[in-house]
Amino acid sequence: MSTDQPPPGQPPEDDPFLKKPQEPTPPSGGSPYDSPPPGGGAGGAGGGGGGFPPPPPPPPPGGPYGGGGPYGGGGDYGMPDPLAGMPPLADFGRRLLARVVDVLIISIPLFLIQLPFGDKRYTVDTDKGEDVTEVVTKSYGGSGLIWTLVGIVAYVGYDWWFTKKNGQTIGKKWLGLRVAMLNDGTVPPSNAALGRGAVLWVPTLVCCFCLWPLALIISMLVDKPYKQALHDKVAKTVVVKST
């Protein structure tokens with residue numbers, strides 16, 4: 001048995017999530033630009049020139065732009081589906097539940113750590129007549145800024161580490177999901193995992209606690225055919241089923 005290791009930067013050949021090679025498509029019935037066979041004129045065998053070339057091949061299934069792949073999309077203009085050979089895409093419900101599990105795993109320890117410090121950076125004392133400027137200043141000044149940075153490191157670091165490790169955060173592993181690169185199905189490299197985690201969490205923790213998660217959900221629901229949220233678009237990833 002050979003003990004050769006794959007070259008650095010290449011996934012192992014026995015990776016169960018690696019895209020499986022597809023069978024080559026057999027040649028179709030010809031092209032209008034093909035040369036007619038010798039003696040193949042319109043007048044039958046042995047006839048003179050002047051015959052017409054064979055008709056063009058029929059369009060691929062699903063319309064002129066492909067669309068015959070298992071994910072309802074296919075490549076543009078009949079090109080192969082980039083997801084061909086990969087597991088099915090994850091459904092919205094499982095992705096959302098996996099994200100809730102991950103948020104609880106991170107937020108509960110962070111809350112317990114901050115509890116002894118009595119952090120009240122998001123509390124508004126209406127008796128003092130604080131305006132919006134004062135609230136924002138208090139929220140991100142002093143210890144508030146420190147805890148915001150701690151939260152960014154915790155959430156982004158968690159997502160980055162597990163995504164680059166095997167494509168599965170704890171929540172995704174429990175729900176049978178996995179993050180994969182769109183082009184070949186491999187585990188995302190470190191830079192893609194970091195960019196994905198940053199787009200996912202930084203806007204949420206800094207300024208858009210409610211609006212940014214909603215934007216991510218909408219982007220995932222409307223994207224066709226790969227169900228990519230904004231953070232998937234940046235990292236060029238998809239979320240697929242692992243079980």
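**Exercise 1. Is C207 buried or exposed, and what is its relative accessible area?**

Solution. The model is predicted.
Step 1. Take the relative accessible area of C207, which is 59%.
Step 2. Compare this value with the cut-off: exposed means over 50%.
Step 3. C207 is therefore exposed.

**Exercise 2. Work out how many disulfides the structure holds, starting from C207 and C210.**

Solution.
Step 1. A disulfide needs two cysteine sulfur atoms within 2.5 Å.
Step 2. For C207, the closest cysteine sulfur belongs to C208 and lies 3.0 Å away, which is too far for a bond.
Step 3. For C210, the closest cysteine sulfur is again in C208, at 9.7 Å, so this pair is too far apart for a bond.
Step 4. C210 is also exposed, with a relative accessible area of 58%.
Step 5. The count for the structure is zero disulfides.

**Exercise 3. Describe how helix α1 packs against helix α6.**

Solution.
Step 1. Locate the helices: α1 covers residues 92-114 and α6 covers residues 211-222.
Step 2. Their axes come within 12 Å and cross at roughly 155°.
Step 3. Angles over 145 degrees count as roughly antiparallel, so α1 and α6 are roughly antiparallel to each other.
Step 4. The crossing of α1 past α6 is right-handed.
Step 5. On the α1 side the contact is made by F92, R95 and L96, and on the α6 side by I217, M220 and L221.
Step 6. Sorted by class, the contact of α1 with α6 has five nonpolar residues, no polar residues and one charged residue.

**Exercise 4. Which residues of α5 and α6 meet, and how do they divide by class?**

Solution.
Step 1. Helix α5 spans residues 190-206, and its axis comes within 8 Å of that of α6, crossing at roughly 150°.
Step 2. From α5, the residues are V199, L200, P203 and T204; from α6, they are W212, P213 and L216.
Step 3. By class, the contact of α5 with α6 has six nonpolar residues, one polar residue and no charged residues.

**Exercise 5. Place these helices in the fold of the whole chain.**

Solution.
Step 1. The protein chain has seven helices and two strands.
Step 2. Along the sequence, these elements follow the pattern α-α-α-α-β-α-α-α-β.
Step 3. Of the 243 residues in the protein chain, 32% are buried.
Step 4. Take the contacts with a separation of 6 or more: 63% of them join residues 24 or more positions apart.

Key. Residues numbered from 1 in each chain as written. Predicted model: local features only at pLDDT ≥ 70, side-chain atom pairs only at ≥ 80, totals over all residues. Heavy atoms only, no water. Axes fitted to C-alpha atoms, helices over the stretch in contact; angles between N-to-C directions. Helix = DSSP H or I, 4+ residues; strand = E, 2+ residues; numbered from the N terminus. Parallel < 35°, antiparallel > 145°, perpendicular 65-115°, else oblique. Left-handed = near helix turned anticlockwise from the far one by under 90°. Contact = heavy atoms within 4.5 Å. Nonpolar A, V, L, I, M, F, W, Y, C, P; charged D, E, K, R; others polar. Buried < 20%, exposed > 50% of the residue type's maximum accessible area, 1.4 Å probe, protein only.
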